[in-house]
Amino acid sequence: MLSGQTFVKLNNGVEMPQLGSSIDLEPDSSDNAPVMEELLKCGYAHIDTSHAYDDISIVRDSLEASGIDRDDLWITGMLWPGEYRRGTTAQEIDKALRALGTDHIDLLLQHQQFSNYVDTWHDMEAALEQGKVRAIGLSGFEGVQLERLLAQANVAPAVLQIECHPLCQQGKIKAQIESFGTVIMAKYPLAHGQEELFENETIARIASELGKSVAQVILRWHLQEGHLVMPKSSNPEHIAQNAQIFDFELTQAQMEQMRGLEADMRLLLPMHRSLATPVVHHQVFRSAGSRTIAPELEVNVSLGYGKIPEERLKP
């Protein structure tokens, strides 16, 4: 366990480690296990995994080799749209449990706000009642889809994972979920290292005052805002530095300065659509420059993915 690790009490009373990480798989590497081993060596006790990330076997094998007690580790799992079917979802949860070699997942997130997500949520509620998961939440939900799910849920989401960093603080969504006791898990907590954030004069000055790195100041800001945070890295030095954020605090004045950086600068721009509109893809990526760009997406008919046409690129 990380020295000084802080915890957030979820709306069902379960306490969750506030800092965690996931394996940043190296595409050209045949062996990504050392990344997981480095995370465990540094004391990370919250790991994010999914079969869609192709990392479940790495997590399972590394945990077995480490000798760490399962109860000392928090595992967050993901359900993907291809698994959003009433009844099928329950089978996929059981499959994930078998693949991980565990009898429970600590937090299960429904990833992406399309397909049959309401029925899927009810299957997740059933898994919660059965003790197969300890908490359930959402990833990438907002707008009408989030409103619909909140209205039809029997169990409110414990966690909502969305893009969140000092330049995109998500005040509107925080206000929307406050009454449900839902906690923000910051997606892209370091904004993918965008220069607008890492070269920001305010953050650089605070980092200099505290003798910390810009990344450490940003991560500390997340903790003090009450966010769950999962920085990803395959660099051993960065993995270690990201964990060294419990030995200092930002002053109230510094926190206010950080809050003053809000610019609604999003890396992920949801395509708002009616529920009847076929899905093209739910995200558009913004480059570091002044242009919104779409990633190259492989066509996947079953999930409704497709390449974004040129006219969707915006100045």
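**Notes on the parallel sheet and its helices**

1. Let me start with β7: six of its seven residues are buried, so the strand is largely enclosed by the rest of the structure. Buried here is under 20% relative accessible area, exposed is over 50%, and partly exposed lies in between, with a 1.4 Å probe and protein chains only. Strands (E, at least two residues) and helices (H or I, at least four) are DSSP runs numbered from the N terminus. Keep in mind that this is a predicted model, where local features need pLDDT of at least 70, side-chain atom pairs count only at pLDDT 80 or more, and totals for chains, interfaces and linings use all residues. Residues are numbered from 1 along each chain as its sequence is written, and side-chain values use heavy atoms, leaving out hydrogens and water.

2. Now the sheet as a whole. It is open, with eight strands in the order β3-β4-β5-β6-β7-β8-β9-β10 and parallel pairing. At the edges sit β3 (21-22) and β10 (228-229), each of which pairs on one side only. For two strands to count as paired, DSSP has to find at least two bridges between them. As background, strands of a sheet pair through backbone hydrogen bonds, either parallel or antiparallel.

3. Going through the pairs, β4 (residues 46-49) runs parallel to β5 and is joined to it by four bridges. Histidine 46 is opposite tryptophan 74 of β5 in that pairing. Strand β5 (residues 74-79) in turn has four bridges to β6, again parallel. If you want a register check there, leucine 79 has glutamine 110 in β6 as its bridge partner.

4. β6 (residues 105-111) is worth a look: seven of its seven residues are buried, which leaves the strand mostly covered. Six bridges link β6 in the parallel sense to β7 (residues 133-139). Isoleucine 105 faces valine 133 of β7 across that pairing. The connection from β6 to β7 passes through helix α4 (residues 117-129), and this β-α-β crossover is right-handed. Right-handed means that, with the strands pointing away from the viewer, the path from the first strand over the helix to the second runs clockwise. Another bridge pair is leucine 107 with alanine 135 in β7.

5. On the other flank, β7 and β8 (residues 159-163) pair in the parallel sense over three bridges. Serine 139 stands opposite glutamine 161 of β8. Here too the β-α-β unit is right-handed, made of β7, α5 and β8.

6. The two crossover helices can be compared directly. The axes of α4 and α5 (residues 143-152) come within 10 Å and cross at roughly 40°. That makes α4 oblique to α5. For the cut-offs, under 35 degrees is roughly parallel, over 145 roughly antiparallel, 65 to 115 roughly perpendicular, and the rest oblique. Axes are lines fitted to C-alpha atoms, for helices over the stretch in contact, with angles from 0 to 180 degrees between N-to-C directions. The α4 and α5 crossing is right-handed, meaning the near helix is turned clockwise from the far one by less than a right angle.

7. Helix α2 (residues 56-66) has a clear sidedness. Ile56, Ile58, Val59, Ser62 and Leu63 are buried. They cover an arc of only 165° around the axis, which puts them on the same side of α2; the arc is that of the directions from the helix axis to the C-beta atoms. Glu64 and Ala65, on the other side of α2, are exposed. After α2 comes glycine 67, with a positive phi near 80°.

8. Two backbone angles deserve a glance in your viewer. Most residues other than glycine have a negative phi. Tyrosine 188 is not a glycine, yet its phi is positive, at about 55°. Alanine 191 also has a positive phi, near 55°. Tyrosine 188 lies in the loop between β9 (183-187) and α7 (195-198), and alanine 191 is found in the loop between β9 and α7. Alanine 191 is buried, with a relative accessible area of 0%.

9. Last, glutamine 244. This residue is in the loop between α10 (236-242) and α11 (252-259). Glutamine 244 is partly exposed, at a relative accessible area of 40%. Its C-alpha is 7.3 Å from that of glutamine 216, although the two are 28 residues apart along the chain.
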